[in-house]
Amino acid sequence: MIYASTLVAAATLAVSAQARSIDLNKYNFASFVKEYKHSWQGDELVKRQAIFESELARVKDHNAANKSWKESINKFSAMTKSEKKINQGYNKHSAVSHESKYEEPFDLKLLPISELPTDVDWRKHEPNVVTSVKDQGHCGSCWAFATAAVLESQVALKSGLLFDFSPQQIAMCSPNPDNCGGSGGCYGATSEIAFDYLVESGIMEEYVMGYNAYFGDNAACGVTSEMIPKATITGFTHLPTNNYTALMNSVAQVGPISISVDADTFHSYESGIFDGCNQEQPNINHAVTLVGYGEEQGEKYWLVRNSWSASFGEAGYIRVKRTDDDDEVCGMDTTPHDGDACDGEDDPIKACGTCGILFGSSYALGVDLA
């Protein structure tokens, strides 16, 4: 049994989580256009400036309220709501609807929360078992990035070798006949769909199948007989839905875990402990990687790795509010089919924890080097 608390580096070697910081009182639309090299003209320029200035005013008001997290201007700040959604990709589905011959029962021995480490951060493991944060770009392939990140860490924990695996392979090659979480590729799916495929195929390194879907373009699978997988899995397990104890135990004992969240209000996050989702009606729409948990000045949090580049939030991470009553802090996602649930699913789903963070979680089994 592996406990992160016994494997972390000394405090002097702690991973830095400094946020990108700008002076919002000096930053304006001209600064934004220059920083992100936009070439808008005419009506498009006017439209983008209006969106930006509204967002800048909203962010300033938020920060003036002294909440537990700060917001800032970033690459999303002149996007429409629909454009922001493209940078997600895990659409609605029932946590138990996907039938797989490779799914195995969750049988991790659960310890009481009081017996778990008070702080877990797999980025501090020696040797390193967490790769650098990636950027899915304008492709709804978050599910592929979350899956790859989980496998990278599980392989490293077993072998001592840290590889960068291919989200491109996962996104473009994983069959999704029931349209679970979307129609696949840049149009969304789930980590469970990815694990199913990887049992059959194994996972390639990034350099073998580099990511070329950044601008939202799907492609043919492209795997050839000459491509040799670096690692294999025998199956996966899905954590009990909305179970705080199970998720705490899994990330403490197993390693990073693929999870699903409501990311509708993540985009402007800069730093701190986030608590800005619609808790009554969470909108589960994004797959990310749970890398640990902790506490700061008496406030508990989940440590979540995103796939929106290292310039997002705290060096690519967001800390989401956590309480020991998370499985009682629940809401209903009342539109489970508007983002392409598995075919035939329409019933509202119950999602617990801040931003529905306890709803759908999984990790691979039988991970080994090929």
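Which backbone oxygen lies 2.9 Å from a polar atom of the side chain of Arg322? The answer is given under the heading on Arg322, after a short account of the model itself.

## Model and confidence

The structure is a predicted model. The mean pLDDT of the chain is 91, and 89% of the residues reach a score of at least 70.

One segment calls for caution: over residues 4-17 the pLDDT stays under 50. For these residues the model has 23 contacts beyond four places in sequence. Where pLDDT is low, predicted coordinates should not be read in detail.

## Arg322

The oxygen in question belongs to the backbone of Gly294. The side chain of Arg322 also reaches a second backbone oxygen, that of Tyr301, at 3.1 Å. Arg322 itself is located in the loop that joins β10 (317-321) and β11 (330-333).

Arg322 has a relative accessibility of 5% and therefore counts as buried, the limit being under 20%. When residues up to four places away in sequence are set aside, Arg322 touches Tyr244, Met248, Tyr293, Gly294, Lys300, Tyr301 and Trp302. Gly294 and Tyr301 thus appear among the residues touched by Arg322, and each also offers a backbone oxygen to its side chain, at 2.9 Å for Gly294 and at 3.1 Å for Tyr301.

## Thr237

Thr237 is part of strand β5, which covers residues 235-238. Its relative accessible area is 1%, so Thr237 is classed as buried under the 20% limit.

Beyond its neighbours within four places in sequence, Thr237 is in contact with Glu104, Pro105 and Phe106, and also with Ser361, Ser362, Tyr363 and Leu365. With Phe106 there is a polar approach as well: the side chain of Thr237 reaches the backbone nitrogen of Phe106 at 3.3 Å. Ser362 is 125 residues from Thr237 in sequence, yet the two C-alpha atoms are 5.6 Å apart in space.

## The largest pocket

The largest pocket holds about 390 Å³ of space. It is lined by 18 residues, of which Lys81, Lys84, Asp264, Thr265 and His267 are the closest to its centre. Three elements give two or more residues to this lining: α2 (42-64), β1 (69-71) and α3 (81-86). The greatest contribution comes from α2, with four residues.

By residue type, the lining of the largest pocket comprises eight polar, seven charged and three nonpolar residues. Lys81, Lys84 and Asp264, which are among the residues closest to the centre, belong to the charged class.

Terms used: Residues numbered from 1 in each chain as written. Predicted model: local features only at pLDDT ≥ 70, side-chain atom pairs only at ≥ 80, totals over all residues. Heavy atoms only, no water. 1 Å grid on protein atoms, 1.4 Å probe; cavity = no way out; pocket = protein on both sides within 12 Å on 5 of 7 lines; lining within 4 Å. Points joined across faces, edges and corners; volume = space filled by probe spheres on them. pLDDT = per-residue confidence, 0-100. Contact = heavy atoms within 4.5 Å. Buried < 20%, exposed > 50% of the residue type's maximum accessible area, 1.4 Å probe, protein only. Polar contact = N/O pair within 3.5 Å; in protein donor to acceptor, adjacent residues only side chain to side chain.
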